[in-house]
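Trainee: Could you take me through one part of this model slowly, the region towards the end of the chain, and connect the pieces as you go?

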Amino acid sequence: MKLKILYTTLLLVFGILSLFSQHGSGKIIMLYDNYQFSENTISDWGFSCLIISGKDTVLFDTGARKDILFHNLESLGIGLSSVQTLVISHHHGDHTGNIFPVIEYNPDLLVFLPSTLNGKFIRMVENYGPRAIVEQDNRQIAHNIFLSGEMGFQIREQGIVIITQKGLILISGCGHPGIDRMVRKVSKKFKKPVYMVVGGFHLEEHSDDEIDEIIEVFKEFGVEKTAPAHCTGHIAMNKLRKAYQHNFIRSGTGKVIEF
Ligand SMILES: [Fe+2]
């Protein structure tokens, strides 16, 4: 009888655990950013982060300078050999700067490029060994990890979307299409609230009123936590800190955000 109860309890526990594992859990590690978080890392203008979820490891953007990216990787004890997928948000050098050093290090990568990097660039990437794909839609790239789909008019850009138990996480490289528009579009496309927004929000030239309106959109679409970085700008950073209080996550090189 006792054995039967134990057996039933174990089945119940495994059932609950497997239910939770259907949704993404993992971490986002900031590798390259304008802000420093860990003392042993170097900050610089640019963006790169690593997403680790289950067996999947995705590198999103590559930062600008090779010496800084590789210094931060070494300081954080991260090797690139475990990365399976590289995604580039848009064609600016502070995000694409280390594509070739990265693929030289790991030629087995699958690389997703924005449509502004096509033709000759794809051939240059593939000469190193990786397969390069230009994708404009919200394609799945790993378990619970998707491309956001390309957005914007002047500067086309894509983000990363992670599906978690609590809602979506949107990681933005620079936010050129408008971070509020990206949140709105992702929420509608994936039919879920955006739980957390991470990365560059590109609000350096926005007025106080415009930033306030963007924070309102965040709240309207369910954004509970925010980890602004890179090109967000000091004024927007302070406003977000004030609006989100303990749900404001201070980002920067070396920061690990668990989800
Ligand atoms: Fe940028």
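Mentor: His230 sits in the loop that joins strand S12 (225–229) to helix H8, where helices (H or I, at least four residues) and strands (E, at least two) are DSSP runs numbered from the N terminus. This is a predicted model, in which local features need pLDDT of at least 70 and side-chain atom pairs count only at pLDDT 80 or more, while totals for chains, interfaces and linings use all residues. Residues are numbered from 1 along each chain as its sequence is written.

The backbone of His230 has a phi near 45 degrees, a positive value in a residue that is not glycine, and His230 counts as buried because 29 C-beta neighbours lie inside 10 Å (20 or more are required within 10 Å, whereas 12 or fewer make a residue exposed, and anything in between is partly exposed; C-beta atoms are placed from the backbone). In the loop between H8 and strand S13 (256–258) lies Gln245, which likewise is not a glycine and has a positive phi, of about 45 degrees. Gln245, however, counts as exposed, because it has 7 C-beta neighbours inside 10 Å.

Between those two loops comes H8 itself, residues 234–244, whose axis comes within 10 Å of that of helix H7 (residues 208–220) and crosses it at roughly 40 degrees (axes are lines fitted to C-alpha atoms over the stretch in contact, with angles from 0 to 180 degrees between N-to-C directions). That angle makes H7 oblique to H8, since under 35 degrees is roughly parallel, over 145 roughly antiparallel, 65 to 115 roughly perpendicular and the rest oblique. On the H7 side the contact (C-beta atoms within 7 Å) is made by Asp208, Ile211, Asp212 and Ile215, and on the H8 side by Ile235, Ala236, Lys239, Leu240 and Ala243.

H7 also packs with helix H6 (residues 179–190), at an angle of about 15 degrees and with the two axes 9 Å apart, which makes H6 roughly parallel to H7. Here Ile179, Asp180, Val183 and Arg184 of H6 meet Ile214, Val217 and Phe218 of H7. Val183 deserves a separate look, for beyond its neighbours within four places in sequence it is in contact with Leu170, Val194, Val197, Val217, Phe218, Phe221 and Val223. Taken together, H7 meets H6 through Ile214, Val217 and Phe218, and meets H8 through Asp208, Ile211, Asp212 and Ile215.

Key
Contact = placed C-beta atoms within 7 Å.
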